Amino acid sequence: MTLVYTHENLTLVMNMEAALQSAGIKTYIKNQFSAGGRGEIPCFETWPELWVTSEFQLEQAKEIVANIMSQEQQPDWHCKNCDEQNGAAFDFCWQCDAAKPS
Ligand SMILES: [Zn+2]
């Protein structure tokens, strides 16, 4: 397995996982449930981590991650359906699956 992405915000890691899974890439999240109980100071070791389980999908996974991270420079968008904030890279609301307004 290879680590492809980590972030202190589990939602972002899960968004990334969803993007990889929709491309048919098998993933695994480490530290998904260890975020609680840490102090105010972000502790890198308890960040959720997104791992790709099969080596032959690794290059594709890295491309998707790089693509999404480059799009993260854009502003978040606001879901009109459920009021959720979503990252610019995502075409559908992670909360309710509503399409991103164009
Ligand atoms: Zn929504």
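Is Glu59 buried or exposed? Glu59 is exposed, because its relative accessible area is 55%, and the scale here calls a residue buried under 20%, exposed over 50% and partly exposed in between (1.4 Å probe, protein chains only). Before going on, keep in mind that this is a predicted model, where local features need pLDDT of at least 70, side-chain atom pairs count only at pLDDT 80 or more, and totals for chains, interfaces and linings use all residues. Residues are numbered from 1 along each chain as its sequence is written, and side-chain values use heavy atoms, with hydrogens and water left out.

Let's get our bearings. The chain has 2 helices and 5 strands, where helices (H or I, at least four residues) and strands (E, at least two) are DSSP runs numbered from the N terminus. Walk along the sequence and you meet them in the pattern β-α-β-β-α-β-β. Of the 102 residues in the chain, 33% are buried. Our opening residue, Glu59, sits in helix α2. Glu59 and Val4 are 55 residues apart in sequence, yet their C-alpha atoms are 9.9 Å apart in space.

Now head for the metal. A zinc ion is held by the SG atoms of Cys79, Cys82, Cys93 and Cys96, at 2.3 Å. Donors here are N, O and S atoms within 2.8 Å of the metal (3.2 Å for Na, K and Ca), and since water is not among the atoms, sites may look incomplete. The angles between the 4 donor atoms run from 104 to 114°, so the arrangement is tetrahedral; four donors earn that word if all angles lie between 85 and 135 degrees. In an ideal case, four tetrahedral donors have angles of 109.5 degrees at the metal.

Look at the sequence and you can spot the donor residues by their spacing, C-x2-C-x10-C-x2-C. Cys79 lies in the loop between β4 (77-78) and β5 (85-86), while Cys96 is in the segment after β5, so this pair ties together parts that are 17 residues apart in sequence. How open are these cysteines? Cys79 counts as buried because its relative accessibility is 2%. Cys82, at 27%, is partly exposed, and so is Cys96, at 29%. What about disulfides? The count is 0, where a disulfide means a pair of cysteine sulfur atoms within 2.5 Å.

Two residues have a backbone quirk to look out for. Asn31 has a positive phi of about 65° although it is not a glycine. You'll find Asn31 in the loop between β2 (27-30) and β3 (49-52), and with 27% relative accessibility it is partly exposed. Asp97, also not a glycine, has a positive phi near 75°. Asp97 lies in the segment after β5 and is exposed, at 59% relative accessibility.

Finally, there's the largest pocket, with a volume of about 330 Å³. A pocket is an open set of points on a 1 Å grid over the protein atoms alone, where a 1.4 Å probe fits, with protein on both sides within 12 Å along at least five of seven lines; lining residues have an atom within 4 Å of a point. Of its 14 lining residues, Ala18, Ala19, Ser22, Phe90 and Asp91 are the closest to the centre. Helix α1 (10-22) and helix α2 (58-71) each give two or more residues to the lining, and α1 gives the most, with 4.

Note on methods:
Tetrahedral: all angles 85-135°; square planar, octahedral: opposite > 155°, others 65-115°. Points joined across faces, edges and corners; volume = space filled by probe spheres on them.
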